[in-house]
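Let's walk through a fold and its two bound molecules by question and answer. Have the sequence and the model open as you read.

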Amino acid sequence: MSKVYVFDHPLIQHKLSYIRDKRTGTKEFRELVDEVASLMAFEITRDLPLEEVEIETPVAIAKSKMLAGKKLGLIPILRAGLGMVDGILKLIPAAKVGHVGLYRDPETLQPVEYYVKLPSDVEERDFIVLDPMLATGGSAAEAINSLKKRGAKNIKLMCIIAAPEGVALVQEAHPDVDIFVAAMDEMLNDHGYIVPGLGDAGDRLFGTK
Ligand code: PRP
Ligand code: URA
């Protein structure tokens, strides 16, 4: 069974409160999602391997550490996952970015795939799938299916807000994929929205409502 990590860092929790607030406008919402994604990436990359290097400082030779060249891939689920990409790239600029386009059918709540473009060396990369919302879990589970079908082996899922139903579905479908969230909310409503959640992440991010 995969693990679920809830990041309780005060900065993440503080910014999340503004993200949830319905008075927060598009510009500020976008900036906050970007910042929270950065802070979460800081935590999620804690286990990246390091290698020892020698660096010549102005004073002496220092034995120092650098990332051991692990290849990373970020996979935003379109649309709302896009809002998390830049914040992570600020910390990991060498990561490649693939895209999985999915929308949730408003009647059935089932994910409908409309676009997939991944880095060519899928089998060599570790991936982080990005989506602010893990509601029923259908979209994330399908995006992970899509990656696995194309050869991805090491995948993490990073969401800002999750519902227990979504976590359970992804854990059931993908017991090898650890899930990282900033908040675990109470439940889904009859329309499949997370309660209390933040509303429609794509609409709030792109101002489409
Ligand atoms: C939202 C959200 C997730 C999905 C979560 O996307 O960004 O991708 O719903 O719901 P689920 O866990 O029940 O699948 P949406 O389908 O609204 O598409 P959009 O990002 O293009 O607006
Ligand atoms: N998608 C969203 O954008 N918000 C939710 O609460 C659920 C799915």
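What follows goes from the strands to the loops and then to the ligands.

Me: Before we start, what kind of model is this, and how are things labelled?
Reply: Residues are numbered from 1 along each chain as its sequence is written, chains are lettered from A and ligands numbered from 1 in the order in which they are written, and side-chain values use heavy atoms, with hydrogens and water left out. Local features need pLDDT of at least 70, side-chain atom pairs count only at pLDDT 80 or more, and totals for chains, interfaces and linings use all residues, since this is a predicted model.

Me: Why is strand E8 called largely enclosed by the rest of the structure?
Reply: Strands (E, at least two residues) and helices (H or I, at least four) are DSSP runs numbered from the N terminus. Buried means under 20% relative accessible area, exposed over 50%, and partly exposed in between, with a 1.4 Å probe and protein chains only. E8 covers residues 126–130, and it is largely enclosed because the buried ones number five of the five.

Me: Which residues of E8 sit on each side?
Reply: In a regular strand, side chains alternate between the two faces of the sheet. Both faces of E8 are covered, and the residues on either side are all buried. One side has Asp126, Ile128 and Leu130, the other Phe127 and Val129.

Me: In E10, which residue stands opposite Val129?
Reply: Two strands pair if DSSP finds at least two bridges between them. E8 is joined in parallel by five bridges to E4 (residues 72–78), where Ile75 stands opposite Val129. E8 also pairs in the parallel sense, over five bridges, with E10 (residues 154–162). In E10, Ile128 has Lys156 as its bridge partner, and the residue opposite Val129 is Leu157.

Me: How many of the nine residues of E10 are buried?
Reply: E10 also pairs with E9, again in parallel, over two bridges, with Leu134 opposite Ala162. E10 is largely enclosed by the rest of the structure, because its buried residues number eight of the nine.

Me: And strand E3, what is its count of buried residues?
Reply: E3 (residues 61–67) forms a hairpin with E2, with four residues between them. E2 (residues 50–56) and E3 are antiparallel over seven bridges, and Glu51 stands opposite Met66. E3 is hardly covered: among its seven residues, the buried count is zero.

Me: Which residue follows Leu78 across a cis peptide bond?
Reply: There's a cis bond from Val195 to Pro196, with omega near 0 degrees, and Pro196 is in the loop between strand E13 (194–195) and helix H6 (201–206). The bond after Leu78 is cis too, with omega near 0 degrees, and leads to Arg79. The loop between E4 and helix H3 (85–89) is home to Arg79.

Me: What phi does Leu109 have?
Reply: Leu109 is in the loop between strand E6 (99–104) and strand E7 (111–117). Leu109 isn't a glycine, yet its phi is positive, at about 65 degrees.

Me: How much of ligand 1 does the protein bury?
Reply: 13 residues surround ligand 1, that is, have a heavy atom within 4 Å of it; the closest are Arg79, Arg104, Asp131, Thr136 and Ser139. For polar contacts (pairs of N or O atoms within 3.5 Å), a side-chain N or O atom of Arg79 is 2.8 Å from a ligand 1 oxygen, and a polar side-chain atom of Ser139 is 2.6 Å from an oxygen of ligand 1. By the Shrake-Rupley method with a 1.4 Å probe, ligand 1 taken alone exposes 500 Å², of which the protein buries 90%.

Me: Which backbone atoms lie 2.8 Å from an oxygen atom of ligand 2?
Reply: The shell around ligand 2 includes Arg104, Met133, Tyr193 and Asp200. A nitrogen atom of ligand 2 has a backbone N or O atom of Gly199 at 2.8 Å. For oxygen atoms of ligand 2, the 2.8 Å partners are a polar backbone atom of Ile194 and a backbone N or O atom of Ala201.

Notes. A polar contact is a pair of N or O atoms within 3.5 Å; within protein, one must be able to donate a hydrogen and the other to accept it, and residues adjacent in sequence count only if both atoms are side-chain atoms.
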